[in-house]
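Could you walk me through this model, starting with its pockets and then moving on to the sheet and what packs against it? I would like an explanation in running prose that I can follow with the structure open.

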Amino acid sequence: MSRAVSVCLLKGGIGKSTTSINLARELAHRGSDVLLVDLDPNGHTTTGLGFGEEFYSEAHLGDVLLDDAELEPRELILETEFEIDLLPSNDRIEQVESDLGGVMMGSARLKQRVIDPLLGDDYDYVVVDCPAARGKLNDNALYATQNLVLPMRPESGALSGLEKTVKRLITPAREHFDLEILAVVPTDLRDRIDHDRPTRRLVEALVSKPNIASKLPNFAYTDPEVFEAIDNGEWDGDLPKPGIRHRSAIDASIREHMPLRDYDSTCDQLACYDELAQIVEEGEVSR
């Protein structure tokens with residue numbers, strides 16, 4: 001079954017691009033044809049895969065989405081060295097977002113002109129890296145994919161970013177079309193969970209909310225009773241290490257413009273991205 005998914009949260013610097021790149025790469029590693037679409041005006045996914053020059057190219061997504069479209073999406077797609085294709089962002093994509101506000105069905109253009117023509121025929125999966133701000137590009141991504149992965153770093157404002165995303169993006173969208181949260185993904189976690197540190201505060205808050213806990217992948221889920229046992233001195237096993245843990249290899253892979261698998265195929269956190277790819281394949285977390 002083919003599927004499109006948006007990697008989204010209304011907050012910057014929480015790992016959207018890193019998650020998008022490695023999710024797309026793991027889907028490809030599992031044998032699927034994958035297109036990665038970069039809608040973020042910052043272009044971190046585009047430059048993160050080594051396409052810095054293409055970020056400033058004359059041809060861009062506006063040439064596909066707007067009324068005076070001159071290109072087919074296949075004319076913009078770049079082949080990478082990592083078994084995935086990339087529809088890159090561009091330094092003029094903010095103007096594209098503004099222009100989409102003035103065209104008929106401006107929130108449906110990505111679905112009509114990119115996702116529908118390509119998904120299922122050219123690609124098994126399309127992964128969209130979304131902007132951090134609300135706007136026409138995010139509207140297009142949500143309507144085109146109708147599936148979400150929500151990454152979160154354990155930092156100030158992470159939970160409020162999630163709440164803002166639900167209130168300002170997901171709830172209004174669900175008044176018009178079905179929109180499924182496939183996974184909530186705590187990422188770049190560093191602390192032990194027996195310390196009152198950002199990692200514990202984030203994971204404990206997420207597992208305490210049943211509607212969110214059910215969306216946590218197995219690598220990110222910790223039973224609330226574990227926290228209680230730890231606090232009561234009754235836990236005598238190894239401490240769980242939930243979430244995608246901080247690894248220097250993940251940071252280094254971005255600096256070297258490649259997915260984690262291609263930088264360090266022995267990194268233990270690849271198993272997390274593999275489970276995330278499985279969730280996208282199956283359309284839900286299996287616990």
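The second largest pocket in this predicted model has a volume of about 260 Å³. Its lining counts 14 residues, and those nearest the centre are Leu 162, Val 166, Ile 181, Asn 211 and Ile 212. Helix H7 (158-174), strand E7 and helix H9 (210-213) each bring at least two residues to this lining, with H7 giving the largest share, seven residues. By class, the lining of this second pocket holds eight nonpolar, two polar and four charged residues.

Now turn to the largest pocket, which has a volume of about 390 Å³. Here 24 residues form the lining, and Gly 15, Lys 16, Ser 17, Thr 18 and Arg 153 lie nearest the centre. Two or more lining residues come from each of helix H1 (16-29), E7, E8 and helix H11 (248-255); H1 gives the most, with four residues. The classes in the lining of the largest pocket are seven nonpolar, nine polar and eight charged residues.

There is also enclosed space to look at. The model has one cavity of 30 Å³ or more, and the volume of the largest cavity is about 30 Å³. Among the residues that line this cavity are Glu 54, His 60, Leu 76 and Pro 88. Five nonpolar, four polar and one charged residues make up its lining.

Strand E7, which you met in both pocket linings, leads us to the sheet. Eight strands form this open sheet, with mixed pairing, in the order E3-E4-E2-E5-E1-E6-E7-E8. Strands E3 (78-79) and E8 (244-245) stand at the edges; each has a single partner strand, so one side of each is left without a neighbour in the sheet. At the E8 edge, two bridges join E8 to strand E7 (residues 180-189), and these two strands run parallel. If you look for one of the bridge partners, Leu 189 is paired with Arg 245 in E8.

What lies across strands E1, E5 and E6? Helix H6 (residues 136-145) does: it crosses strand E1 (3-7), strand E5 (125-129) and strand E6 (147-152), and runs at about 150° to E1.

Within helix H6, have a look at Asn 138. Its relative accessibility is 0%, so Asn 138 counts as buried. Setting aside neighbours within four places in sequence, Asn 138 is in contact with Cys 8, Leu 10, Glu 97, Cys 130, Pro 131, Ala 133 and Leu 169.

Conventions: Residues are numbered from 1 along each chain as its sequence is written. This is a predicted model: local features need pLDDT of at least 70, side-chain atom pairs count only at pLDDT 80 or more; totals for chains, interfaces and linings use all residues. Side-chain values use heavy atoms; hydrogens and water are left out. Two strands pair if DSSP finds at least two bridges between them. Contact means heavy atoms within 4.5 Å. Axes are lines fitted to C-alpha atoms, for helices over the stretch in contact, and angles run from 0 to 180 degrees between N-to-C directions. On a 1 Å grid over the protein atoms alone, a cavity is a set of points where a 1.4 Å probe fits but cannot get out, and a pocket is an open set with protein on both sides within 12 Å along at least five of seven lines; lining residues have an atom within 4 Å of a point. Grid points are joined across faces, edges and corners, and a volume is the space filled by probe spheres set on the points. Ala, Val, Leu, Ile, Met, Phe, Trp, Tyr, Cys and Pro count as nonpolar, Asp, Glu, Lys and Arg as charged, and the others, Gly among them, as polar. Buried means under 20% relative accessible area, exposed over 50%, partly exposed in between (1.4 Å probe, protein chains only).
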